[in-house]
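Colleague: Could you walk me through the labels you put on this model? I'd like to hear the reasoning behind each one.

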Amino acid sequence: MHLQPQIESKEKRIRGFEALLRWNNARLGKVGPGEFILIAEQSGLIKQIDEWVMEHAFVEIQKINEIFNTEFLISINVSAAQIQRIDFADKVIALMEKWGMKGQLVELEITELSILDIMDNVTRNINKLREKQVKIALDDFGTGYSSINHLSEIHVDTIKIDRSLMNNIDNSQRKWIIVKNLYNISRQLQYDVVLEGVETESQISFLKQLREVYIQGYYYCKPQPIEELIAFIRKWQQETNEQV
Ligand code: C2E
Ligand code: CA
Ligand code: CA
C-alpha cells in the first residue's frame, strides 16, 4: 500500500492521504492497480483485497497521526461491487471499531459507476456511514458516466475532479472554464474539492485562482510507501513552517 498526500493549495496544509495499492510479484515485478483491480473484481478477489487495504490503511494512518500528533484523513478506494453489498457499511463500521478509528478521519472514494446499479443498497450504505461521520468522495468526477444530476441525488462530502480535466488545463481555456465552474458548483454544495493529477508548476499557478481546493498529484508528491511518506511529511512541515 502506498499513500499519496492531498495538499491545500494556499496554506499548503496536508489534508490526508489516498491509499493506492501496488502488487509486487516475484515473477511479474511491480504490477499497477490499473492491471489487477479489474481482474480482482471479475474473480471476486476484490472483497479480500478491499478489506486488506482498509485494515492496513487504518493501522497506517493511526501510526502517522501519532507520530505527527495530528488528524490526517485516510481516503480509501471502494470498488463498485463492495459498496453495493448489503452488509458493506456494517463491515466498515466494525473495522473502525476494531481499530478505534474515528469516522471523520475516514473517507471512502466511490465512482459513479457504483451508484448506477442497485441504488437502494448503495444509498443505505452511504447513509449509515455518514451517520458515523465517514466522508464519501465521488471519484473521477468529469469522466465516464458522471452526471451533474447525481450531485443533487446523493449526499457526498467530497468531489474529486478527474485528472483528464487537469491535463493541459494551463493551455485550454475550455477546460479551465469547466473546472472553474465544477469547482463553484461543488463549493456551493459545500463539498470539499480535490483536484487529481496535477503535475506541473504551470497547472498550479492556474489552479491557485480557486480559493479553497486540495491538490493531489505528482507535482507535490507521488504515492509513496509509508517510510518515505513519513520523511516527506517531516520535510514538508519544516518547509511550510519556515515560510510562515
Ligand atoms: P484513482 O482512484 O483515480 O487513483 C489515482 C491514480 O492517479 C493513481 O493511480 C495515482 O498513482 C495516479 N496519480 C496521482 N497523481 C498523479 C499525477 O500527477 N499524474 C498522473 N499521471 N497520475 C497520477 P494508480 O495508483 O495506478 O491507481 C489506479 C486506479 O486503481 C485508482 O485510480 C483506483 O481506481 C484503483 N485502485 C488503486 N488502489 C485501489 C484499492 O486499494 N482498491 C480499489 N478498489 N481500487 C484501487
Ligand atoms: Ca481514488
Ligand atoms: Ca480518481
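Modeller: Happy to; what follows takes the metal sites, the ligand and one acidic residue in turn, and please keep in mind that this is a predicted model.

Colleague: Let's start with the calcium ion (ligand 2). What makes a residue one of its donors?

Modeller: For calcium, an N, O or S atom has to lie within 3.2 Å of the metal. Glu-18 (OE), Asn-77 (OD1), Glu-109 (OE) and Asp-139 (OD) sit at 2.1 to 2.4 Å, so they count as donors by that cut-off. Along the chain they follow the spacing E-x58-N-x31-E-x29-D. Asn-77 belongs to strand β5 (residues 73-77) and Glu-109 to strand β6 (residues 106-110), so this pair ties together parts that are 32 residues apart in sequence.

Colleague: Why is Glu-109 called buried, and why is Asn-77 called partly exposed?

Modeller: Buried means under 20% relative accessible area, and exposed means over 50%. Glu-109 has 1%, so it is buried. Asn-77 has 27%, which falls in between, so it is partly exposed.

Colleague: And which protein atoms hold the calcium ion (ligand 3)?

Modeller: Asp-139 (OD), Asp-140 (OD), and Glu-196 (OE) listed twice, all lying 2.2 to 2.5 Å from the ion. Their spacing along the chain is D-D-x55-E.

Colleague: What makes Asp-139 a bridge?

Modeller: Asp-139 coordinates both calcium ions, ligand 2 and ligand 3, which are 3.9 Å apart. With 8% relative accessibility, Asp-139 falls under the cut-off and so counts as buried. Its neighbour in the numbering, Asp-140, has 27% and therefore counts as partly exposed.

Colleague: How do you know that ligand 1 has polar contacts with side chains?

Modeller: The cut-off for a pair of N or O atoms is 3.5 Å. A nitrogen atom of ligand 1 is 3.1 Å from an N or O atom in the Gln-4 side chain. A polar side-chain atom of Asp-50 is 3.2 Å from a nitrogen atom of the ligand, and one of Asp-140 is 3.2 Å from a ligand oxygen atom. Each of these distances is within the limit, so they qualify.

Colleague: Last one: why does Asp-162 have no salt bridge?

Modeller: A salt bridge needs a side-chain nitrogen of Lys or Arg within 4 Å of a carboxyl oxygen. For Asp-162, which is buried, the nearest side chain of opposite charge is Arg-163, 6.3 Å away, so the criterion is not met. Asp-162 is in the loop between β8 (158-161) and α8 (163-166). Beyond its neighbours within four places in sequence, Asp-162 contacts Asp-140, Phe-141, Thr-143 and Glu-196.

Conventions:
Residues numbered from 1 in each chain as written. Chains lettered and ligands numbered in written order. Predicted model: local features only at pLDDT ≥ 70, side-chain atom pairs only at ≥ 80, totals over all residues. Heavy atoms only, no water. Helix = DSSP H or I, 4+ residues; strand = E, 2+ residues; numbered from the N terminus. Buried < 20%, exposed > 50% of the residue type's maximum accessible area, 1.4 Å probe, protein only. Lys, Arg positive; Asp, Glu negative; His and termini not counted. Contact = heavy atoms within 4.5 Å. Donors = N, O, S within 2.8 Å, 3.2 Å for Na, K, Ca; no water. Polar contact = N/O pair within 3.5 Å; in protein donor to acceptor, adjacent residues only side chain to side chain.
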